[in-house]
Amino acid sequence: MIRKIAVCALLSLSVLIAPAAAQVGFGMDMGVGARALSFAGNHTAAANDLSAAYWNPAALAYLPVREFQFSFDAMRTYGTCGITGSRVVIPPGAVNDDFRNRYRLGNAGAMTAIPTVQGGLTIAAAFESPKSFDDFSVYEYNMDGVHYEENVAKYGDLNRFNLAFGVQIAPQISAGLALSVVTGGSEAVYDQKKDRAPYNDMQFNHSYLGYSTTLGLLYLPTGYLKLGMRFHTLMNLDVKETGSYKYYEGVPGVAGIGRPTVLSELKGKAYVAPNGAIGAALTLPWLTAALDLRATLPYTFVLPNENIAPDLQARYFKMGGGFGFEAPVPATSLVLRAGYSFDECDLFQIVHKFGENDEIGWEEIDWEEGRGFEVLRNKHTLTLGAGLFTSGLGLELTYAWQTWGIAHTDGVRRLEQIYNNHRLMAAIIFRY
């Protein structure tokens, strides 16, 4: 009940970039590995290092090496927010934009090839952080003579601890499987004021634990062409939500007098729509080129009994694709890379089904909480990267720029948010 009250308060104020404190949530697919990032995530057929455990575990079969890899990234995300409406006035000096910094361990792990009579076999173990829940919005405006300040900040990741392998099942074909323990969480903090006095203080934390699988296939019709396929599916993911909600009797010009903080705790299931990709890679002495096509399945595939309205994005496929290039610099150990991707923005990257307890059973997912949200700008990703390799050591550096935007309309106000993310990733690779 408390969670429903808090959600109603949030939706009435219309401050959410997505209904993240409720049952659906927005996030960012981050991918894994510096080389893959420099290809703008178009790595299904081009994967040639430990990150293949994520992009296509079948590619591990053709990597007859021992490898240790670590990657780190730093991000700065700028958000520009706009609010319009017949009763809305933006006062002079209003703050409607902001930025957030973030530093992360992208992945770490090792792989080893095992000699066999029948063909290649490689096993990998790795930590990966492929999904981020980072999100924020900042609004300041006047409506009906009342001054509002609304701030939302959300941070978190969904991580995988993988055991993966790739094996040749024919001279030119390999198959792969990654079994993953999935863990992680997010923290969302809501700070709202009326006439400079506190109005609402809310915080919601989600923690996740479960498992998933990734399937992969790779076909090498010639020595320079690769065709690949991967499929990610979350098999089981438990979620625990803890929340606190404090309402203030705001008095204009006077610090609010807060009611007692109310705490809530719920347990349930979390769902991520299955997604996959097909890709091709052309490998020549002077150039490697990769092309990917991606799709995220509708939630009707994983939750066939859910009543999802026909006009909600969760009912439909989300598509994407892109390309990447890698070229060696003659007479050096340096390679240069670049990539571009386009992906339809997904407003339902993760959904929650909560229950009060086992006796009462699970509530239905309230898909209507996603109503009123729309995509302003689909995701565009541009990348540049470089790699320097010696006999057993590799250093990789990649810069990526990504932009996207969404909006929410509640009948009184329209909130628009455009985001630009700048990301720098470095990776260290040891091979012997």
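Modeller: Helices and strands here are DSSP runs, numbered from the N terminus, with at least four residues for a helix and at least two for a strand. Keep in mind that this is a predicted model.

Colleague: OK, so where does Ala 331 lie?

Modeller: In the loop between β16 (318–328) and β17 (334–343). Ala 331 has a positive phi of about 65°, although it is not a glycine.

Colleague: And why is Ala 331 called exposed?

Modeller: Exposed means over 50% relative accessible area. Ala 331 comes out at 89%, so it counts as exposed.

Colleague: What about Arg 196: where is its place, and what makes it exposed?

Modeller: Arg 196 sits in the loop between β9 (173–194) and β10 (197–219). Its relative accessible area is 54%, and the cut-off is over 50%, so exposed is the right label. Arg 196 also has a positive phi, near 70°, and is a residue other than glycine.

Colleague: Why does Leu 395 count as partly exposed?

Modeller: Partly exposed lies between the buried limit, under 20%, and the exposed limit, over 50%. Leu 395 has 43% relative accessibility, so it falls in between. This leucine is found in strand β20, and it belongs to a nonpolar patch on the surface, along with residues including Phe 68, Ile 428 and Tyr 432. Together the patch residues have about 890 Å² of accessible area. β3 (67–84), β20 (393–409) and β21 (414–431) each give two or more residues to the patch, with β3 giving the most, three.

Colleague: How do you know whether Cys 81 and Cys 345 are buried or exposed?

Modeller: Buried means under 20%. Cys 81 is at 9%, so it is buried, and Cys 345, at 0%, is buried too.

Colleague: How many disulfides does the structure hold?

Modeller: Zero. To count, a pair of cysteine sulfur atoms would have to be within 2.5 Å.

Colleague: Which residues have the most contacts inside the largest nonpolar core?

Modeller: Trp 55, Leu 60, Met 111 and Leu 218, in a core of 24 residues. Both α3 (52–55) and β6 (121–132) give two or more residues to this core, and the largest share, four residues, comes from α3. Apart from this core lies another, of 22 residues, among them Met 75, Leu 303, Trp 367 and Tyr 419.

Colleague: What does Leu 218 touch, leaving out residues up to four places away in sequence?

Modeller: Its partners include Ala 45, Tyr 62, Ile 173, Lys 226 and Leu 227.

Methods:
Residues numbered from 1 in each chain as written. Predicted model: local features only at pLDDT ≥ 70, side-chain atom pairs only at ≥ 80, totals over all residues. Heavy atoms only, no water. Patch = residues over 30% accessible without salt bridge, like charges linked within 9 Å, V, L, I, M, F, W, Y side chains within 5 Å. Areas by Shrake-Rupley, 256 points an atom, 1.4 Å probe, with all protein chains shown as cover. Salt bridge = Lys/Arg side-chain N within 4 Å of Asp/Glu carboxyl O. Buried < 20%, exposed > 50% of the residue type's maximum accessible area, 1.4 Å probe, protein only. Core = buried A, V, L, I, M, F, W, Y, C linked by side-chain atoms within 4.5 Å. Contact = heavy atoms within 4.5 Å.
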